[in-house]
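Here's a quick tour of one protein model, written for someone who'd rather look at contacts and angles than read a long preamble. Have a look at the structure first.

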Amino acid sequence: MPYARGCSFFKIDPNTNLIVEGYEFPEPAVIKSGLTGLRTLSLASKLIEEPKRLLPFTAWVAYIYVVFFSKGILPGKDFFHTDPKTWIEVQNLSFNFMFIAPALKLPVAAKLHPMLEGVFNGLLAWAAMFWGFLSDDRTGFGTGYDRDLEMTGRSARYYERLMQNQEQEFDNGIVVVPPVSITKRNLIPLLPTVIGMQFLTSAFFLPYLFARTSERRYQSEYERFDRRVPLRVRPLYREELDKTQVLGEWKGLGILLGSIGLYALWWGAGGRVEDAKDFGPPIWESGKRTTEFMKILANDRIAATIILDFWVFGFFQGWLVDDDWRRRGRSLEEESFLRNVAKFIPFFGLAAYLTFRPSYPSIKDGFDEEAYDERTGFLRRRGSRRNDFRGRGGPPRF
């Protein structure tokens, strides 16, 4: 076993006596090979059970080969034969991160082709949008606390969540459940992935897609104690999210990054007018700027890789949307417009989704039965009227 010491808790279905949830408290120890083996087996099982994961997996293998090892597929030299000029270009692009140095005319600002700067910073803005999906990887600690508990701190809240029943049965027989597991740990954590995407973009993004754990799904009714009971799937509560995940719910994230994308378009088309002699005038005055950029793409691996990343992001940007929608207690059978915008409109569609998607409610908002569809068990419209909990045991405590 990867952990020889620790403690495990299991939740048992009273009808089938099967384990439905498990939690583990491993004691820190030296790195053991068993952990790597289990993760490898877990990844293999995910690829077998969900064949669609083979698409990002294959794309990642091809991406790594084409970008870092291939000769002749992309212009320029492979990673092992990179010349100093390439590293200088990477450094200069980094100095112009999000146009801060050029806009403020800082001394460190490098003078590069404005279209190259535009696509580079536009790609980084696109990668930063996935910060809005941080709730896809949850520890279960949350941000709330229970003032009545004698124990305090993270361990107390975690222990309480393990002991309490996540299901709530109301006086009318309806059972309310969260849409997904309150705790969900992926093989590859999302926060380091999003940070890494600012440096190696798709090289970090694609592994997360094929290694992540999918959210669980509920039926509108299920067997409980030899009887079928109606089920209502509530959204996750803000108190059930970690602090970094709450920041990812900021509505201004999509607006800010979308604005950076618009600025990147403008900068590439008409920026650096004072350097028109080197890069050409704005594209509406002459085609020289575009011609010079095409010459860069024909000879520069960095520039060509950025364009390749645009294709990868455009194809896979919607892969996290459905599970994000499910975490908010929404049915995938309805309200498909906003999700389709996020899936099929590159960059700006995702920015719109982050801006207009439903918010996670607070536990203080209560539960409104009238806001739910009896057929699907999901919310049928945005928002709900405030109502008190009348279920057995009351609302979950934090």
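What follows goes from the whole chain to two helix pairs and then to a handful of single residues.

**The whole chain**

Keep in mind that this is a predicted model. The protein has 398 residues, and 47% of them count as buried. Its secondary structure comes to 16 helices and 6 strands. The accessible surface adds up to about 20900 Å², with carbon and sulfur atoms owning 62% of that. As for contacts, take the ones between residues at least 6 apart in sequence: 71% of these join residues at least 24 apart.

**Two helix pairs**

Two packed helices are described by the angle between their axes and the distance between the axes. Here's how that works out for two pairs.

| Helix pair | Angle between axes | Distance between axes |
|---|---|---|
| α8 and α13 (residues 301-316) | about 25 degrees | 11 Å |
| α10 (residues 252-270) and α16 (residues 348-356) | roughly 155 degrees | within 7 Å |

Start with α8 and α13, which pack at an angle of about 25 degrees. Angles under 35 degrees count as roughly parallel, so α8 is roughly parallel to α13. Their crossing is left-handed. On the α8 side, the residues involved are S202, F205, L206 and L209, and they meet D309, V312, F313 and F316 of α13.

Now for α10 and α16, whose axes cross at roughly 155 degrees. The cut-off for roughly antiparallel is over 145, and α10 and α16 are therefore roughly antiparallel to each other. This crossing is left-handed too, going by how α10 passes α16. From α10 come L253, G254, I255, G258, G261, L262 and L265, which meet F348, A351, L354 and T355 in α16.

**Around α7 and α8**

Which helix holds M197? M197 sits in helix α7, and with a relative accessible area of 1%, it is buried. Setting aside residues up to four places away in sequence, M197 touches L124, A127, F130, F204, F205 and F313. Of these, F130 is a nice one to pick out in the viewer: M197 and F130 are 67 residues apart in sequence, yet their C-alpha atoms are 9.3 Å apart in space. F205 and F313 turn up again in the packing of α8 and α13.

T201 is found in the loop between α7 (190-200) and α8 (202-211). Is T201 buried or exposed? Its relative accessibility is 7%, so T201 counts as buried. The T201 side chain makes a polar contact with the side chain of D309, at 2.9 Å. Beyond its neighbours within four places in sequence, T201 is in contact with Y63, L123, G196, D309 and F313. D309 and F313 are also among the α13 residues that α8 meets.

**A buried lysine**

K184 lies in the loop between β4 (175-177) and α7. At 6% relative accessibility, K184 counts as buried. What does the side chain of K184 reach at 2.6 Å? That would be the backbone oxygen of D136. Apart from residues up to four places away in sequence, K184 touches D136, D137, R138, R212, T213, S214 and E215.

**A glycine in a loop**

G140 is placed in the loop between α5 (114-128) and α6 (154-163). It's buried, with a relative accessible area of 0%. G140 and S181 are 41 residues apart in sequence, while their C-alpha atoms are 8.8 Å apart in space.

**Two positive phi values**

Most residues other than glycine have a negative phi. Against that background, two residues are worth checking in your Ramachandran plot. M98 has a positive phi near 55 degrees, and K105 has a positive phi near 55 degrees as well. M98 is in the loop between α3 (84-95) and α4 (100-104), whereas K105 is in the loop between α4 and α5. Their accessibility puts them in opposite classes: M98 counts as buried at 17%, but K105 counts as exposed at 67%.

Methods
Residues are numbered from 1 along each chain as its sequence is written. This is a predicted model: local features need pLDDT of at least 70, side-chain atom pairs count only at pLDDT 80 or more; totals for chains, interfaces and linings use all residues. Side-chain values use heavy atoms; hydrogens and water are left out. Helices (H or I, at least four residues) and strands (E, at least two) are DSSP runs, numbered from the N terminus. Buried means under 20% relative accessible area, exposed over 50%, partly exposed in between (1.4 Å probe, protein chains only). A polar contact is a pair of N or O atoms within 3.5 Å; within protein, one must be able to donate a hydrogen and the other to accept it, and residues adjacent in sequence count only if both atoms are side-chain atoms. Contact means heavy atoms within 4.5 Å. Accessible areas come from the Shrake-Rupley method with a 1.4 Å probe; for residues, only the protein chains shown count as cover. Axes are lines fitted to C-alpha atoms, for helices over the stretch in contact, and angles run from 0 to 180 degrees between N-to-C directions. Angles under 35 degrees count as roughly parallel, over 145 as roughly antiparallel, 65 to 115 as roughly perpendicular and the rest as oblique. A crossing is left-handed if the near helix is turned anticlockwise from the far one by less than a right angle, and right-handed if clockwise.
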